[in-house]
Amino acid sequence: MHAFLDKNRTQAAPVSVDFPLISNQETWMNIALIKQYHENMPKDESQQFVFTCLRRLGIEHVAFKRIVALSEEEAFCVMLLRAAMIQKAIIVIDRPFIIIPHLKDVCFIFQMLEKINDLYYSCHVYDYKWMADKYGDLCQ
Amino acid sequence: MSFKCIIFNTCVKYNDSSLFVNDNVADTADRGLQFPDLCYKHLTSFVFSHNTIKKYWLLMASLESIGRFILQITASLRDTIYFALLVITRIFQLSSYNSATRTVLVNQIYFTSVQIIPAFLTASIIFGSLFIGIVFHALKGLGLSDYLGNVLMGLIVTEISPLFTVLLLTLRSASAINAEIAVMKVNNELHSLEAFRIDVINYLLLPRIINGMVSMVLLYSLFSIVLLISGIVFSGVIFGMSMDAYTNILLNSANFYDIVLTLVKCALFGFFITLIPIRFGLRTSDELTSIPVAVSSGMVNVFAAIIIIEVLLLITKII
(Lines give C-alpha, C1' and ligand atoms only; values in the text may rest on other atoms or scores of the structure.)
Protein backbone atom coordinates (compact mmCIF):
# COMPACT_ATOMS: atom_id res chain seq x y z
CA MET A 1 0.00 0.00 0.00
CA HIS A 2 2.80 2.41 0.89
CA ALA A 3 4.42 1.70 -2.48
CA PHE A 4 1.12 2.53 -4.17
CA LEU A 5 0.82 5.75 -2.15
CA ASP A 6 4.35 6.75 -3.09
CA LYS A 7 3.72 5.98 -6.77
CA ASN A 8 0.56 8.13 -6.87
CA ARG A 9 1.78 10.79 -4.51
CA THR A 10 -0.19 13.71 -5.94
CA GLN A 11 -3.54 11.91 -6.08
CA ALA A 12 -3.26 9.26 -3.39
CA ALA A 13 -5.62 9.85 -0.51
CA PRO A 14 -5.30 7.33 2.32
CA VAL A 15 -8.10 6.27 4.64
CA SER A 16 -6.27 4.40 7.37
CA VAL A 17 -5.73 4.17 11.11
CA ASP A 18 -2.10 4.99 10.33
CA PHE A 19 -3.19 8.42 9.11
CA PRO A 20 -5.52 9.65 11.88
CA LEU A 21 -7.64 12.78 11.89
CA ILE A 22 -6.24 15.86 13.60
CA SER A 23 -7.47 15.70 17.19
CA ASN A 24 -7.29 19.40 18.05
CA GLN A 25 -9.59 20.42 15.22
CA GLU A 26 -13.30 20.09 14.66
CA THR A 27 -14.56 17.60 12.10
CA TRP A 28 -15.34 20.12 9.38
CA MET A 29 -11.90 21.69 9.72
CA ASN A 30 -10.23 18.31 9.23
CA ILE A 31 -12.01 17.95 5.90
CA ALA A 32 -11.82 21.58 4.80
CA LEU A 33 -8.09 21.70 5.50
CA ILE A 34 -7.28 19.86 2.25
CA LYS A 35 -9.26 22.31 0.09
CA GLN A 36 -7.93 25.31 1.99
CA TYR A 37 -4.32 24.17 1.78
CA HIS A 38 -4.09 22.79 -1.76
CA GLU A 39 -6.62 25.01 -3.56
CA ASN A 40 -6.43 28.08 -1.28
CA MET A 41 -10.22 27.91 -0.99
CA PRO A 42 -11.52 30.62 1.40
CA LYS A 43 -12.63 29.43 4.83
CA ASP A 44 -16.37 30.19 4.40
CA GLU A 45 -16.53 28.59 0.98
CA SER A 46 -14.71 25.45 2.14
CA GLN A 47 -16.98 25.27 5.19
CA GLN A 48 -20.08 25.35 2.99
CA PHE A 49 -18.60 22.71 0.71
CA VAL A 50 -17.78 20.43 3.64
CA PHE A 51 -21.26 20.86 5.10
CA THR A 52 -22.77 19.80 1.76
CA CYS A 53 -20.56 16.71 1.71
CA LEU A 54 -21.37 15.80 5.31
CA ARG A 55 -25.06 16.15 4.51
CA ARG A 56 -24.68 13.71 1.61
CA LEU A 57 -23.36 11.11 4.04
CA GLY A 58 -26.05 12.01 6.60
CA ILE A 59 -23.61 13.12 9.28
CA GLU A 60 -23.84 16.92 9.19
CA HIS A 61 -24.50 16.86 12.97
CA VAL A 62 -20.84 15.93 13.58
CA ALA A 63 -19.48 19.03 11.84
CA PHE A 64 -18.53 20.86 15.02
CA LYS A 65 -17.56 17.81 17.05
CA ARG A 66 -14.01 16.88 17.94
CA ILE A 67 -12.67 13.57 16.67
CA VAL A 68 -12.86 11.81 20.05
CA ALA A 69 -16.62 12.41 20.12
CA LEU A 70 -17.23 10.54 16.85
CA SER A 71 -18.43 6.95 16.53
CA GLU A 72 -16.33 4.54 14.47
CA GLU A 73 -18.64 4.86 11.44
CA GLU A 74 -18.63 8.66 11.69
CA ALA A 75 -14.84 8.73 11.99
CA PHE A 76 -14.58 6.52 8.91
CA CYS A 77 -16.91 8.80 6.93
CA VAL A 78 -14.89 11.86 7.96
CA MET A 79 -11.66 10.14 6.90
CA LEU A 80 -13.29 9.19 3.61
CA LEU A 81 -14.45 12.76 2.98
CA ARG A 82 -11.02 14.13 3.87
CA ALA A 83 -9.51 11.77 1.32
CA ALA A 84 -12.10 12.74 -1.29
CA MET A 85 -11.13 16.41 -0.96
CA ILE A 86 -7.93 15.75 -2.94
CA GLN A 87 -8.39 16.67 -6.58
CA LYS A 88 -8.96 13.56 -8.74
CA ALA A 89 -8.44 11.55 -5.61
CA ILE A 90 -7.29 7.94 -5.74
CA ILE A 91 -8.75 6.84 -2.42
CA VAL A 92 -6.80 4.05 -0.72
CA ILE A 93 -8.76 2.42 2.08
CA ASP A 94 -6.41 0.47 4.29
CA ARG A 95 -7.94 -2.35 6.36
CA PRO A 96 -11.41 -0.81 6.79
CA PHE A 97 -12.37 -3.42 9.40
CA ILE A 98 -9.73 -2.02 11.72
CA ILE A 99 -11.34 1.41 11.47
CA ILE A 100 -14.85 -0.06 12.03
CA PRO A 101 -14.22 -3.40 13.77
CA HIS A 102 -17.87 -4.34 14.32
CA LEU A 103 -18.82 -4.25 10.61
CA LYS A 104 -20.06 -7.62 9.32
CA ASP A 105 -19.36 -6.92 5.67
CA VAL A 106 -18.19 -4.23 3.31
CA CYS A 107 -21.70 -2.97 2.35
CA PHE A 108 -21.55 0.12 4.59
CA ILE A 109 -18.25 1.18 3.05
CA PHE A 110 -19.56 0.79 -0.50
CA GLN A 111 -22.74 2.65 0.37
CA MET A 112 -20.69 5.59 1.60
CA LEU A 113 -18.44 5.45 -1.46
CA GLU A 114 -21.51 5.39 -3.69
CA LYS A 115 -22.85 8.58 -2.09
CA ILE A 116 -19.73 10.55 -2.95
CA ASN A 117 -18.74 8.84 -6.20
CA ASP A 118 -18.41 12.17 -8.04
CA LEU A 119 -15.76 13.39 -5.59
CA TYR A 120 -13.03 10.85 -6.38
CA TYR A 121 -11.30 9.31 -9.38
CA SER A 122 -10.88 5.73 -8.13
CA CYS A 123 -10.85 3.74 -4.93
CA HIS A 124 -8.62 0.87 -3.80
CA VAL A 125 -9.22 -1.25 -0.73
CA TYR A 126 -6.33 -3.09 0.92
CA ASP A 127 -6.95 -5.84 3.45
CA TYR A 128 -5.63 -9.16 4.72
CA LYS A 129 -6.36 -12.37 2.79
CA TRP A 130 -8.20 -13.88 5.74
CA MET A 131 -10.71 -11.02 5.58
CA ALA A 132 -11.75 -12.06 2.03
CA ASP A 133 -15.13 -13.47 3.13
CA LYS A 134 -16.16 -10.02 4.36
CA TYR A 135 -15.85 -8.75 0.76
CA GLY A 136 -18.06 -11.49 -0.78
CA ASP A 137 -18.00 -11.70 -4.59
CA LEU A 138 -15.59 -8.77 -4.90
CA CYS A 139 -12.67 -11.03 -4.04
CA GLN A 140 -13.47 -13.77 -6.55
CA MET B 1 53.30 3.72 23.53
CA SER B 2 49.83 2.30 23.96
CA PHE B 3 49.08 0.09 26.93
CA LYS B 4 46.03 -1.28 28.67
CA CYS B 5 45.10 -0.85 32.27
CA ILE B 6 43.02 -3.64 33.76
CA ILE B 7 41.70 -2.91 37.22
CA PHE B 8 39.68 -5.33 39.36
CA ASN B 9 36.62 -4.86 41.53
CA THR B 10 38.14 -5.68 44.86
CA CYS B 11 40.64 -4.02 47.16
CA VAL B 12 43.77 -5.99 47.82
CA LYS B 13 46.86 -5.35 49.88
CA TYR B 14 50.09 -5.12 47.96
CA ASN B 15 53.43 -4.15 49.42
CA ASP B 16 51.76 -2.61 52.47
CA SER B 17 49.88 0.01 50.43
CA SER B 18 46.13 0.17 49.90
CA LEU B 19 45.30 -0.76 46.31
CA PHE B 20 42.15 0.14 44.45
CA VAL B 21 41.12 -2.10 41.61
CA ASN B 22 38.28 -2.10 39.11
CA ASP B 23 37.33 -4.24 36.12
CA ASN B 24 37.25 -1.39 33.58
CA VAL B 25 39.68 -1.29 30.72
CA ALA B 26 41.07 2.15 30.00
CA ASP B 27 43.32 3.00 27.13
CA THR B 28 45.56 5.38 28.99
CA ALA B 29 47.68 6.35 26.02
CA ASP B 30 44.62 7.46 24.06
CA ARG B 31 43.64 9.73 26.91
CA GLY B 32 47.14 11.19 26.96
CA LEU B 33 47.46 10.75 30.71
CA GLN B 34 50.37 9.73 32.79
CA PHE B 35 49.90 7.65 35.89
CA PRO B 36 52.05 8.51 38.83
CA ASP B 37 52.88 5.76 41.34
CA LEU B 38 52.28 3.20 38.61
CA CYS B 39 53.67 -0.28 39.01
CA TYR B 40 53.14 -3.55 37.16
CA LYS B 41 51.21 -6.29 38.91
CA HIS B 42 51.52 -8.59 35.92
CA LEU B 43 51.67 -8.17 32.14
CA THR B 44 48.24 -6.56 31.57
CA SER B 45 47.38 -4.94 34.84
CA PHE B 46 48.66 -2.04 36.90
CA VAL B 47 48.38 -1.30 40.55
CA PHE B 48 48.56 2.14 42.03
CA SER B 49 47.62 3.93 45.24
CA HIS B 50 44.01 4.45 46.19
CA ASN B 51 44.18 8.24 46.51
CA THR B 52 45.88 8.73 43.15
CA ILE B 53 43.36 6.72 41.20
CA LYS B 54 40.45 8.30 43.04
CA LYS B 55 41.72 11.75 42.12
CA TYR B 56 42.30 10.65 38.54
CA TRP B 57 38.80 9.21 38.09
CA LEU B 58 37.18 12.20 39.74
CA LEU B 59 39.07 14.52 37.43
CA MET B 60 38.23 12.41 34.39
CA ALA B 61 34.56 12.14 35.37
CA SER B 62 34.22 15.88 35.89
CA LEU B 63 36.06 16.66 32.65
CA GLU B 64 33.88 14.19 30.76
CA SER B 65 30.66 15.59 32.20
CA ILE B 66 31.73 19.16 31.40
CA GLY B 67 32.65 18.11 27.86
CA ARG B 68 29.39 16.21 27.40
CA PHE B 69 27.38 19.16 28.71
CA ILE B 70 29.16 21.60 26.37
CA LEU B 71 28.66 19.28 23.40
CA GLN B 72 24.96 18.94 24.20
CA ILE B 73 24.50 22.68 24.60
CA THR B 74 26.39 23.38 21.36
CA ALA B 75 24.38 20.81 19.41
CA SER B 76 21.09 22.09 20.84
CA LEU B 77 22.02 25.70 20.09
CA ARG B 78 23.10 24.81 16.55
CA ASP B 79 19.83 22.93 15.91
CA THR B 80 17.75 25.78 17.33
CA ILE B 81 19.55 28.37 15.20
CA TYR B 82 19.19 26.20 12.08
CA PHE B 83 15.50 25.69 12.81
CA ALA B 84 15.02 29.41 13.50
CA LEU B 85 16.67 30.31 10.17
CA LEU B 86 14.44 27.83 8.36
CA VAL B 87 11.33 29.33 9.94
CA ILE B 88 12.49 32.92 9.24
CA THR B 89 13.04 31.99 5.58
CA ARG B 90 9.52 30.57 5.41
CA ILE B 91 8.04 33.67 7.10
CA PHE B 92 9.25 35.80 4.18
CA GLN B 93 8.10 33.38 1.48
CA LEU B 94 4.68 34.28 0.08
CA SER B 95 4.10 30.66 -0.95
CA SER B 96 4.01 29.70 2.74
CA TYR B 97 0.66 31.42 3.18
CA ASN B 98 -2.72 30.06 2.12
CA SER B 99 -6.27 29.91 3.42
CA ALA B 100 -5.45 27.07 5.85
CA THR B 101 -2.44 28.90 7.30
CA ARG B 102 -4.48 32.08 7.73
CA THR B 103 -7.26 30.16 9.51
CA VAL B 104 -4.76 28.63 11.94
CA LEU B 105 -3.12 32.03 12.50
CA VAL B 106 -6.45 33.72 13.32
CA ASN B 107 -7.40 30.86 15.67
CA GLN B 108 -4.03 31.00 17.40
CA ILE B 109 -4.19 34.77 17.88
CA TYR B 110 -7.67 34.32 19.33
CA PHE B 111 -6.49 31.59 21.75
CA THR B 112 -3.33 33.43 22.79
CA SER B 113 -4.21 37.11 22.74
CA VAL B 114 -7.98 37.33 23.10
CA GLN B 115 -8.91 34.47 25.44
CA ILE B 116 -6.20 35.49 27.87
CA ILE B 117 -7.37 39.14 28.17
CA PRO B 118 -9.56 38.84 31.34
CA ALA B 119 -6.88 36.93 33.30
CA PHE B 120 -4.08 39.04 31.88
CA LEU B 121 -5.85 42.32 32.68
CA THR B 122 -6.57 41.17 36.23
CA ALA B 123 -2.96 40.14 36.76
CA SER B 124 -1.70 43.35 35.15
CA ILE B 125 -3.89 45.57 37.31
CA ILE B 126 -3.00 43.79 40.56
CA PHE B 127 0.72 43.35 39.88
CA GLY B 128 1.16 46.60 37.95
CA SER B 129 -0.58 48.81 40.50
CA LEU B 130 1.26 47.26 43.42
CA PHE B 131 4.58 47.52 41.65
CA ILE B 132 4.04 51.13 40.57
CA GLY B 133 2.85 52.01 44.07
CA ILE B 134 5.95 50.48 45.69
CA VAL B 135 8.35 52.08 43.21
CA PHE B 136 6.76 55.53 43.56
CA HIS B 137 6.78 55.22 47.33
CA ALA B 138 10.46 54.24 47.31
CA LEU B 139 11.33 57.13 44.98
CA LYS B 140 9.61 59.57 47.31
CA GLY B 141 11.33 58.08 50.35
CA LEU B 142 14.75 58.36 48.72
CA GLY B 143 14.06 61.88 47.52
CA LEU B 144 14.39 60.83 43.89
CA SER B 145 11.09 62.31 42.70
CA ASP B 146 12.92 63.98 39.81
CA TYR B 147 13.77 60.59 38.37
CA LEU B 148 10.14 59.42 38.27
CA GLY B 149 9.94 59.55 34.46
CA ASN B 150 13.26 57.82 33.93
CA VAL B 151 12.37 55.01 36.30
CA LEU B 152 8.92 54.63 34.78
CA MET B 153 10.05 54.53 31.15
CA GLY B 154 13.59 53.19 31.53
CA LEU B 155 12.89 50.43 34.03
CA ILE B 156 9.22 49.62 34.29
CA VAL B 157 8.01 50.04 30.71
CA THR B 158 11.11 48.78 28.89
CA GLU B 159 12.33 46.08 31.30
CA ILE B 160 9.69 44.89 33.76
CA SER B 161 6.69 44.88 31.40
CA PRO B 162 8.24 42.65 28.69
CA LEU B 163 9.54 40.24 31.33
CA PHE B 164 6.19 39.99 33.09
CA THR B 165 4.37 39.53 29.77
CA VAL B 166 6.73 36.88 28.47
CA LEU B 167 6.50 34.92 31.72
CA LEU B 168 2.70 34.92 31.60
CA LEU B 169 2.65 33.98 27.93
CA THR B 170 5.19 31.22 28.46
CA LEU B 171 3.23 29.73 31.32
CA ARG B 172 -0.03 29.78 29.41
CA SER B 173 0.73 29.38 25.72
CA ALA B 174 4.26 28.04 25.26
CA SER B 175 3.56 25.04 27.48
CA ALA B 176 0.28 24.42 25.63
CA ILE B 177 2.02 24.57 22.25
CA ASN B 178 4.73 22.21 23.46
CA ALA B 179 2.18 19.66 24.69
CA GLU B 180 0.00 20.07 21.59
CA ILE B 181 2.83 19.38 19.14
CA ALA B 182 4.12 16.48 21.27
CA VAL B 183 0.65 14.88 21.36
CA MET B 184 0.26 15.33 17.60
CA LYS B 185 3.63 13.65 17.08
CA VAL B 186 2.78 10.72 19.34
CA ASN B 187 -0.67 10.30 17.71
CA ASN B 188 0.90 10.13 14.24
CA GLU B 189 -1.06 13.22 13.20
CA LEU B 190 2.02 14.86 11.69
CA HIS B 191 2.40 11.73 9.59
CA SER B 192 -1.20 12.26 8.42
CA LEU B 193 -0.43 15.81 7.33
CA GLU B 194 2.59 14.61 5.37
CA ALA B 195 0.49 11.92 3.69
CA PHE B 196 -1.84 14.63 2.42
CA ARG B 197 1.16 16.70 1.23
CA ILE B 198 0.61 19.39 3.86
CA ASP B 199 3.85 21.06 4.89
CA VAL B 200 4.09 20.82 8.68
CA ILE B 201 6.24 23.94 8.97
CA ASN B 202 3.90 26.08 6.86
CA TYR B 203 0.68 24.78 8.32
CA LEU B 204 1.47 24.13 11.98
CA LEU B 205 4.61 26.00 12.95
CA LEU B 206 4.55 29.26 11.02
CA PRO B 207 1.12 30.48 12.26
CA ARG B 208 2.06 29.64 15.86
CA ILE B 209 5.38 31.48 15.68
CA ILE B 210 3.90 34.56 13.99
CA ASN B 211 1.14 34.46 16.59
CA GLY B 212 3.76 34.32 19.35
CA MET B 213 5.44 37.46 18.03
CA VAL B 214 2.19 39.38 17.44
CA SER B 215 0.63 38.35 20.77
CA MET B 216 3.75 39.19 22.72
CA VAL B 217 3.89 42.73 21.27
CA LEU B 218 0.14 43.27 21.79
CA LEU B 219 0.06 41.96 25.35
CA TYR B 220 3.19 43.90 26.26
CA SER B 221 1.51 47.07 24.99
CA LEU B 222 -1.59 46.27 27.04
CA PHE B 223 0.45 45.66 30.17
CA SER B 224 2.39 48.90 29.68
CA ILE B 225 -0.84 50.85 29.23
CA VAL B 226 -2.21 49.37 32.47
CA LEU B 227 1.01 50.29 34.27
CA LEU B 228 1.00 53.84 32.95
CA ILE B 229 -2.65 54.29 33.92
CA SER B 230 -1.84 52.99 37.42
CA GLY B 231 0.98 55.54 37.39
CA ILE B 232 -1.54 58.37 36.94
CA VAL B 233 -3.39 57.28 40.06
CA PHE B 234 -0.29 56.71 42.21
CA SER B 235 1.52 59.85 41.04
CA GLY B 236 -1.55 61.81 42.12
CA VAL B 237 -1.82 60.06 45.49
CA ILE B 238 1.88 59.93 46.41
CA PHE B 239 3.34 63.01 44.73
CA GLY B 240 0.17 65.07 44.39
CA MET B 241 0.94 65.32 40.67
CA SER B 242 -1.63 66.39 38.08
CA MET B 243 -2.32 64.27 35.00
CA ASP B 244 -0.76 66.91 32.70
CA ALA B 245 2.45 67.00 34.74
CA TYR B 246 2.59 63.20 34.74
CA THR B 247 2.08 63.06 30.95
CA ASN B 248 4.81 65.68 30.44
CA ILE B 249 7.27 63.72 32.57
CA LEU B 250 6.48 60.55 30.61
CA LEU B 251 6.87 62.22 27.21
CA ASN B 252 10.15 63.87 28.23
CA SER B 253 11.54 60.57 29.49
CA ALA B 254 10.41 58.49 26.50
CA ASN B 255 13.30 57.44 24.29
CA PHE B 256 12.38 56.32 20.78
CA TYR B 257 15.41 54.00 20.53
CA ASP B 258 14.50 52.29 23.81
CA ILE B 259 10.90 51.77 22.74
CA VAL B 260 11.97 50.27 19.39
CA LEU B 261 14.48 48.04 21.17
CA THR B 262 11.76 46.91 23.59
CA LEU B 263 9.38 46.06 20.77
CA VAL B 264 12.16 44.10 19.05
CA LYS B 265 12.81 42.35 22.35
CA CYS B 266 9.12 41.45 22.64
CA ALA B 267 9.08 40.08 19.09
CA LEU B 268 12.22 38.05 19.85
CA PHE B 269 10.67 36.72 23.03
CA GLY B 270 7.53 35.80 21.10
CA PHE B 271 9.58 34.07 18.41
CA PHE B 272 11.60 31.93 20.80
CA ILE B 273 8.86 31.09 23.31
CA THR B 274 6.97 29.42 20.47
CA LEU B 275 9.88 28.10 18.41
CA ILE B 276 11.58 26.22 21.25
CA PRO B 277 8.45 24.40 22.52
CA ILE B 278 7.63 23.43 18.94
CA ARG B 279 11.13 22.06 18.39
CA PHE B 280 10.98 20.05 21.60
CA GLY B 281 7.47 18.86 20.76
CA LEU B 282 8.72 17.61 17.39
CA ARG B 283 11.54 15.72 19.10
CA THR B 284 9.07 13.56 21.04
CA SER B 285 9.37 9.83 20.41
CA ASP B 286 6.37 7.57 19.70
CA GLU B 287 5.73 6.85 23.37
CA LEU B 288 3.14 8.66 25.48
CA THR B 289 5.62 8.86 28.35
CA SER B 290 7.89 11.07 26.26
CA ILE B 291 5.31 13.90 26.26
CA PRO B 292 6.01 15.20 29.80
CA VAL B 293 9.75 14.87 29.17
CA ALA B 294 9.43 16.94 25.98
CA VAL B 295 7.28 19.56 27.74
CA SER B 296 9.60 19.95 30.72
CA SER B 297 12.77 20.13 28.56
CA GLY B 298 11.05 22.61 26.27
CA MET B 299 10.02 24.84 29.17
CA VAL B 300 13.48 24.78 30.75
CA ASN B 301 14.99 25.80 27.42
CA VAL B 302 12.40 28.54 26.95
CA PHE B 303 13.35 30.04 30.31
CA ALA B 304 17.03 29.79 29.37
CA ALA B 305 16.28 31.56 26.08
CA ILE B 306 14.36 34.33 27.92
CA ILE B 307 17.34 34.94 30.21
CA ILE B 308 19.83 34.90 27.31
CA ILE B 309 17.76 37.38 25.26
CA GLU B 310 17.26 39.63 28.29
CA VAL B 311 20.99 39.63 29.09
CA LEU B 312 22.06 40.19 25.47
CA LEU B 313 19.69 43.12 25.07
CA LEU B 314 20.78 44.63 28.37
CA ILE B 315 24.38 44.44 27.15
CA THR B 316 23.32 46.08 23.86
CA LYS B 317 21.64 48.83 25.84
CA ILE B 318 24.68 49.40 28.05
CA ILE B 319 27.02 49.54 25.04
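Modeller: Start with one definition: buried means under 20% relative accessible area, exposed means over 50%, and partly exposed lies in between (1.4 Å probe, protein chains only). This is a predicted model, where local features need pLDDT of at least 70, side-chain atom pairs count only at pLDDT 80 or more, and totals for chains, interfaces and linings use all residues. Residues are numbered from 1 along each chain as its sequence is written, chains are lettered from A and ligands numbered from 1 in the order in which they are written, and side-chain values use heavy atoms, without hydrogens and water.

Biologist: Why is A:His38 called partly exposed?

Modeller: The relative accessible area of A:His38 is 31%. That value falls between 20% and 50%, so A:His38 is partly exposed.

Biologist: Where does A:His38 lie, and what is it in contact with beyond its neighbours within four places in sequence?

Modeller: A:His38 sits in helix α2 of chain A. Helices here are DSSP runs of H or I, at least four residues; strands are runs of E, at least two; both are numbered from the N terminus. Contact means heavy atoms within 4.5 Å. Beyond those neighbours, A:His38 is in contact with A:Ile86, B:Phe196, B:Arg197 and B:Ile198.

Biologist: What makes A:His38 and B:Phe196 a polar contact?

Modeller: A polar contact is a pair of N or O atoms within 3.5 Å; within protein, one must be able to donate a hydrogen and the other to accept it, and residues adjacent in sequence count only if both atoms are side-chain atoms. The side chain of A:His38 reaches the backbone oxygen of B:Phe196 at 2.7 Å. The value 2.7 Å is within 3.5 Å, so the distance passes.

Biologist: How many residue pairs in polar contact cross between chain A and chain B?

Modeller: The rule finds 12, with both residues at pLDDT 80 or more. Of chain A, β1 (12-15), α2 (27-39) and α4 each supply at least two residues of the side that touches chain B. The largest share comes from α2(A), with 6 residues.

Biologist: How many residues of each chain meet, and how much area is buried between them?

Modeller: In all, 25 residues of chain A are in contact with 23 residues of chain B. Buried area is the accessible area (1.4 Å probe) that two parts lose on being put together, summed over both. Between chain A and chain B it is about 2100 Å², and carbon and sulfur atoms give 55% of that.

Biologist: How many salt bridges are there between chain A and chain B?

Modeller: The count is 0. A search of the whole structure finds 10 over all chains.

Biologist: What makes A:Lys35 and A:Glu39 a salt bridge?

Modeller: A salt bridge is a side-chain nitrogen of Lys or Arg within 4 Å of a carboxyl oxygen of Asp or Glu. Here the N to O distance is 3.0 Å, so the pair qualifies. Both residues lie in helix α2 of chain A, 4 residues apart, about one turn of the helix.

Biologist: Are these two buried or partly exposed?

Modeller: A:Lys35 is at 11%, under 20%, so A:Lys35 is buried. A:Glu39 is at 30%, so A:Glu39 counts as partly exposed.

Biologist: What does the salt bridge of B:Glu180 and B:Arg208 tie together?

Modeller: The side chains meet at 3.0 Å, N to O. B:Glu180 lies in helix α5 of chain B and B:Arg208 in helix α7 of chain B, so the pair ties together parts that are 28 residues apart in sequence. B:Arg208 is at 3%, so B:Arg208 is buried.

Biologist: Which residues touch the most other members of the largest nonpolar core?

Modeller: A nonpolar core is a set of buried Ala, Val, Leu, Ile, Met, Phe, Trp, Tyr and Cys residues joined through side-chain atoms within 4.5 Å. The largest has 80 residues, and those touching the most other members include A:Val15, A:Phe76, B:Leu193 and B:Tyr203. Helix α4 (residues 72-84) of chain A gives the most to this core, with 9 residues. Apart from this core lies another, of 41 residues, among them B:Phe136 and B:Met299.

Biologist: Why is B:Arg197 called partly exposed?

Modeller: B:Arg197 is at 28%, between 20% and 50%, so the label fits. B:Arg197 lies in the loop between α6 (189-195) and α7 (200-239) of chain B. Its phi is positive, about 55°, although B:Arg197 is not a glycine.
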